Amino acid sequence: MAVNLVNVEGVSKVYGTRALLDGISLGVSEGDRIGVVGRNGDGKTTLIRVLAKLEEADSGRVTHSGGLRLGVLTQHDSLDPEATVRHEVIRDMADHEWAGNARIRDVLTGLFGGLDLPGFPQGLDTVIGPLSGGERRRIALAKLLIEDQDLIVLDEPTNHLDVEGISWLAGHLAARRSALVCVTHDRWFLDQVCTRMWDVQRGTVHEYEGGYSDYVFARAERERIAATEEAKRQNLVRKELAWLRRGAPARTSKPRFRVEAANELIADVPPPRDSSELMKFASSRLGKTVFDLEDVTVQAGPKVLLKHLTWQLGPGDRIGLVGVNGAGKTSLLRALADAAYSEGEQQPAGGQVRVGKTVKLAYLSQEVAELNPNWRVLEAVQQVRDRVDLGKGREMTAGQLCETFGFGKEKQWTPVGDLSGGERRRLQLLRLLMDEPNVLFLDEPTNDLDIQTLTQLEDLLDGWPGSMIVISHDRFFVERTTDRVHALLGDGTLRMLPRGIDEYLERRRRMEEAAAAAAPKPAAGEKASDKAVPEKSAADQRAAKKELQKIERQLDKISEKEQSLHARIAEHATDFAKVAELDAELRELGGQRDELELRWLELAEDA
C-alpha cells in the first residue's frame with residue numbers, strides 16, 4: 001500500500017474578501033503524479049504553496065510524513081545573485097565526482113544542451129546575477145532535479161523551456177520515482193507526465209483520474225450529467241473533447257470512465273475547422289499573394305540566421321514555426337513584419353520579400369505593449385473598434401469579445417494598471433483581433449494564459465479566416481491551431497515537417513547524435529579544440545544542399561504514402577490477408593525512410 005506523504009485537511013485561505021480555498025481536503029501518496037489546472041486567480045499557486053508549507057492556511061491542517069524530502073520550484077527563485085552556477089547547482093562536488101553521476105549529466109544536458117553549459121558565457125563558472133529570468137529559472141530547476149526527493153512540487157516548470165527542453169523534462173519526470181504535484185498550462189506536458197488531475201474552481205478542488213485528455217473527457221461527462229454549466233462553456237468543452245478524440249486518440253492511455261459516453265457527447269460536433277471554407281474566404285480577403293520570399297537572408301546584428309530562403313505564405317495558410325532558441329524564429333517574423341508595415345520598402349539583409357497589397361497584419365510580439373494604465377479594460381478595446389467581424393456572418397461587440405477572453409462584466413471596468421501580467425497579455429491579443437487583421441503573427445501567445453482562456457482562444461481562431469504563423473513552445477496549441485509545421489534547425493534553412501513536432505524532435509536528436517559521433521576524438525595530451533576540422537569547398541556544399549532538398553521531397557512523398565497505407569489498413573481491418581500485405585508495404589517504406597534520413601544527416605554535415 002502506498003505511503004501517504006502529505007495530508008491537507010479542511011484547509012481554507014482567504015485574500016481580502018475572496019476565499020481562494022474553502023475547506024479543501026486532499027492527499028498526496030507515493031507514486032502520485034498530479035497535475036493542477038484552473039483559471040488564473042482561482043488559487044492553483046496558493047494551493048501548492050499551502051501544501052508545501054510555504055504559506056500558512058487560515059484554517060485547517062497540513063501534515064507531512066516524517067522525514068519527507070520535499071523539492072519545490074516556485075515562480076520566483078531564491079538563488080544567490082553573487083554565486084556561480086557551479087556553486088548553486090553542483091555545490092562543492094569535484095569535477096570527476098559530478099561528471100560521473102548519471103543524473104547530473106542528464107539534467108545538465110537536458111536543460112542546458114551540454115555539460116559545459118554552451119549558452120552561458122563562462123559555462124558553470126558564470127555568475128548568476130546578470131542572467132535573465134529564464135536562465136535563472138532553468139538553474140533553479142536543475143538544482144532541484146539533481147537531488148533525491150520523495151515529493152517534487154513544480155509551479156509552471158515549462159516556462160522558459162523550448163520544445164526540446166519540455167520533451168526532455170517530461171521524460172525525466174516520468175522516469176523518476178518521486179511523487180509529483182505540478183501546476184502548468186502545458187496540456188501536452190500534463191498528458192505525458194500526470195496520472196491524476198486537480199481542477200481548482202471557485203474555492204473547491206475537483207479530482208479526476210488520468211492525464212489531461214482523460215480529465216477533459218471526465219469533466220465533459222460530469223458537466224453533461226450535472227447540467228450545471230452555461231451552454232457556451234459546455235460547447236467549448238465538447239469541442240475540445242472532439243479534437244482530442246478525433247485528432248489524437250493515442251493521447252489517452254488509461255481512460256477511467258465510459259468511452260461510449262464521450263463518443264455520444266461528440267457525435268454531432270463538426271471538425272474544429274472547415275479548412276476549405278476558410279481558405280476560400282481567406283483568398284477573397286487576401287488575393288493570391290500574402291508573403292513571397294525570394295533568396296532571403298535574415299540577420300540579427302552580424303549573425304546570419306537564415307540564408308537563401310525562398311518560401312511563400314499563401315492565403316489561409318496556418319503555419320506552426322518551431323526551432324532551437326536563437327535559430328531565427330522571431331527574427332523571421334520581424335523581417336516579414338518590417339516589410340509589411342513599410343509596404344515593401346524595408347527589406348531584409350539579402351533577397352526580397354513581396355507583400356500582398358491587401359495584407360493587414362497583426363503581430364503579437366513577446367513584449368507586452370504598454371497601455372494607458374488609467375484606461376478601463378473595455379475602453380482599451382473600444383479604442384480600437386466597437387464591433388468586430390469574425391467572418392461567416394459572425395460578429396461580436398467589444399464587450400462580448402472581452403467576455404470570451406475572460407474579462408467578465410465587472411472586470412471590464414478594471415483599470416489597465418491593476419491587471420496582472422497574464423491579463424495584460426490577454427488584453428493585448430484582444431486588441432489585435434479587434435482590429436480585424438487578415439494575417440496574424442503570434443510569437444509565444446500562450447505565455448501567462450490559463451487553460452480555459454487557451455481553449456477559448458483556440459475556439460476563436462478556428463473560425464478566423466486569414467493567414468497565420470504561430471511560434472510557441474506549447475505543442476498542444478501549435479497542433480490545435482495550425483495545419484502545417486515548419487522548423488528552423490539551426491543550419492540557416494527552413495523546412496516543412498509532414499509529421500509535425502514529433503518529426504522535429506526526432507531530427508534534432510539525430511543531428512545531435514551525428515554531431516557527437518562525427519566529433520574528432522583528441523589524441524593523448526591534445527585538447528579537442530586544438531584539432532582543426534577541414535571545411536568543405538563551396539561546390540561540395542552546393543551539391544550537398546541540392547541532394548538534401550531532393551531527399552526532403554522524397555521523405556515528404558514517403559510520409560504521404562504511409563498516411564494512405566494507414567487509411568487503407570483501417571479500411572480493410574477485417575481482411576487479415578490484405579492487412580498483412582499492406583503492413584509489408586508499410587515496413588518497406590519505413591526502411592526506405594530510415595535510409596534517407598541517415599543520408600540526410602550525413603549530408604547536413606557537408607552542407
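Me: Why should helix 18 span 27 Å?
Reply: Helix 18 (residues 500-518) has 19 residues, and the expected span is 1.5 Å times one less than that number. Its end C-alpha atoms are 27 Å apart, which agrees. Helices here are DSSP runs of H or I with at least four residues, and strands are runs of E with at least two, both numbered from the N terminus. This is a predicted model, in which local features need pLDDT of at least 70 and side-chain atom pairs count only at pLDDT 80 or more, while totals for chains, interfaces and linings use all residues. Residues are numbered from 1 along each chain as its sequence is written, and side-chain values use heavy atoms, leaving out hydrogens and water.

Me: Which residues of helix 18 are buried?
Reply: They are Gly-500, Ile-501, Glu-503, Tyr-504, Leu-505, Arg-507, Arg-508 and Met-511. Buried means under 20% relative accessible area with a 1.4 Å probe, protein chains only.

Me: What does Tyr-504 touch?
Reply: Leaving aside residues up to four places away in sequence, its contacts (heavy atoms within 4.5 Å) include Val-163, Val-322, Leu-488 and Leu-497. In the largest nonpolar core, of 53 residues, Tyr-504 is among those touching the most other members, with Phe-291, Leu-293, Phe-441 and Ile-469. Such a core joins buried Ala, Val, Leu, Ile, Met, Phe, Trp, Tyr and Cys residues through side-chain atoms within 4.5 Å.

Me: Where does Phe-291 pair?
Reply: Its bridge partner is Val-355 in strand 13. Five bridges join strand 10 (residues 291-300) to strand 13, and the two run antiparallel; strands pair if DSSP finds at least two bridges between them.

Key. Buried < 20%, exposed > 50% of the residue type's maximum accessible area, 1.4 Å probe, protein only.
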